[in-house]
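The exercises below concern side-chain contacts in a single model. Work through each task with the coordinates open before reading its solution.

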Amino acid sequence: MKVLVLFGSPRKKHTYELTKAFIEGLEKDTEVEFIDTPKLNISHCIGCNYCLKEMKCFIKDDMEDILNKIEEADIIVLSSPVYFGTVTSYLKVLIDRCQPLYNKRFVLKVEDKVKKKGFLIFTAGGKNKG
């Protein structure tokens, strides 16, 4: 079984520790790939719809490899601290660039049902003033 962990925090603190514990709890024969998204070179989606015609993005950056890894994975884990009610900008850019995968399945109907499992590891904090 292949697990792809897309880690979105720019810091190695609480979210990292929780994600590390999650990975350690996986079965022994599980292949885990941990991707530190803040270290990637991923451009923003520009909404050009190239991926509707070609089923891939024309932008040549680290996202090409990530899309292949997402397709190969059995389980996808999104891990991020919550910033202003959502994931970090690093992970959000990656999610937006997954449009070719969305188009293949839902627009172009090239793929049947995708049988993947997913997990979300989100952390949040703040000062309790109550």
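**Exercise 1.** Find which residues I70 is in contact with, leaving aside its neighbours within four places in sequence, and then place I70 in the nonpolar packing.

*Solution.* Taking contact to mean heavy atoms within 4.5 Å, I70 touches L4, L6, I76, C98, L101 and K116 once its neighbours within four places in sequence are left aside. The model is predicted, so local features need pLDDT of at least 70 and side-chain atom pairs count only at pLDDT 80 or more, whereas totals for chains, interfaces and linings use all residues. Residues are numbered from 1 along each chain as its sequence is written, and side-chain values use heavy atoms, with hydrogens and water left out.

The next step is the nonpolar core, a set of buried Ala, Val, Leu, Ile, Met, Phe, Trp, Tyr and Cys residues joined through side-chain atoms within 4.5 Å; buried means under 20% relative accessible area, exposed over 50%, and partly exposed in between, with a 1.4 Å probe and protein chains only. The largest such core has 17 residues, and those that touch the most other members are L6, M63, I66, I70, L94 and C98. Two or more residues come from each of β1, α3, β3 (75–81) and α4, where helices (H or I, at least four residues) and strands (E, at least two) are DSSP runs numbered from the N terminus. Helix α3 contributes the most, namely four residues. A separate core of six residues includes L26, I75, V77 and I121.

**Exercise 2.** Determine how D36 and K12 meet, and whether each is buried or partly exposed.

*Solution.* A salt bridge requires a side-chain nitrogen of Lys or Arg within 4 Å of a carboxyl oxygen of Asp or Glu, and the side chains of D36 and K12 satisfy this with an N to O distance of 2.6 Å. D36 belongs to strand β2 (residues 31–36) and K12 to the loop between β1 (2–7) and α1 (14–24), so that distant parts of the chain, 24 residues apart, are linked. D36 is buried at 13% relative accessible area, whereas K12 is partly exposed at 42%. A network of salt bridges links K12, D36 and K39.

**Exercise 3.** Which parts of the chain does the salt bridge between D61 and R97 tie together?

*Solution.* The closest N and O atoms of D61 and R97 are 2.7 Å apart. Since D61 lies in the loop between α2 (50–54) and α3 (63–72) and R97 in the loop between α4 (89–96) and α5 (99–107), the pair ties together parts 36 residues apart in sequence. Both residues, D61 and R97, are buried.
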